[in-house]
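Reader: I would like to go through this model step by step. Please show it, and then I will ask.

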Amino acid sequence: MTKIATISVLFAVLMTACVSKKKYNQVENQKTALQEEISNLKSDSKECNENYAELEDEVMSYKQKIAQLQGDSENKIELTENGQVVSETTKANVRKVFSKMPADQRSKAKTLEDSINLAVGYNIKSNLLTQMKDEDKEADDAIEVSVAEPVVRITLTDKVLFKSGSYWVDKKAYNLLARIAEVINSEPNMDIRVEGHADNMKLSEKSYIVDNWDLSIRRAASVVRTLENKFEVGGDRLIASGRSHYYPVADNSTSEGRAKNRRTTILLLPKIDRYMEILNK
């Protein structure tokens, strides 16, 4: 039964029955309360209709903007699976970068988003390698850059950062870290996590370093200190962590595998617009 019908029934009761004054007052109060509730519901309904109309206008405005962009071939946009907006200009830059990449790297791209991530990673690595001295060019295989938008992961094996058995950053790595710091300082809202990794070999009992936990943490902290003290990256934006030997990327049973596992990763979390800037440079 609706609320209006309820009011009608109550009046019918009053008209056909002899009731006490107390009963009459109770019914009158119920009537007043129901009338107020009906008034409130009408007001809420009106407000909802107005809000819906505003949302429709806003959606239409966005649709018109998208239609305008789609009509302009130079600014035509496309969405990746994760909703990232990609313009024709960005796609052209991806194709340009791809033309420089080895075929085995290009073959890893299965989607547009894969292509963008690979292109951004390739651009960053190429830029970092230009900071290395000529005698350090063999460090190409010691630097890896991967992108899982919007996180950029830069992996550096220990031979480009430290001297053998040391956790102090080698001066020959300064140019490389200076370039990374430049990218970091260009985006003040970027967070940076530096992770130290080790192989699974036990350290000499005579070593002042306790174990692989100690070594991985010391090396991460050394990179963080260098970024802060020498290249003016704000310490409040830096995180140093050690992972010991628990996250290998290669087989620890071979010397080659252990060399890959002795590494430092620098994770950058830029805004999307900064991410696209890296590609467009």
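Reader: How many helices and strands does the protein have?
Author: This is a predicted model, in which local features need pLDDT of at least 70, side-chain atom pairs count only at pLDDT 80 or more, and totals for chains, interfaces and linings use all residues. Residues are numbered from 1 along each chain as its sequence is written, and side-chain values use heavy atoms, leaving out hydrogens and water. Helices (H or I, at least four residues) and strands (E, at least two) are DSSP runs, numbered from the N terminus. On that basis the protein has nine helices and seven strands.

Reader: In which sense do β5 and β6 pair?
Author: Two strands pair if DSSP finds at least two bridges between them. Strand β5 covers residues 191-197 and strand β6 residues 238-242, with five bridges joining them. One bridge links Glu 195 to Ser 241 in β6. The sense of the pairing is parallel.

Reader: What handedness does the crossover from β5 to β6 have?
Author: The chain gets from β5 to β6 through helix α7, residues 212-229. With the strands pointing away from the viewer, a path from the first strand over the helix to the second that runs clockwise counts as right-handed. This β-α-β crossover is right-handed.

Reader: Is Asp 214 in helix α7 buried or exposed?
Author: Buried means under 20% relative accessible area, exposed over 50%, and partly exposed in between (1.4 Å probe, protein chains only). Asp 214 has 17% relative accessibility, so this residue counts as buried.

Reader: Which residues does Asp 214 touch, not counting those up to four places away in sequence?
Author: Contact means heavy atoms within 4.5 Å. With that exclusion, Asp 214 touches Tyr 208 and Ile 209.
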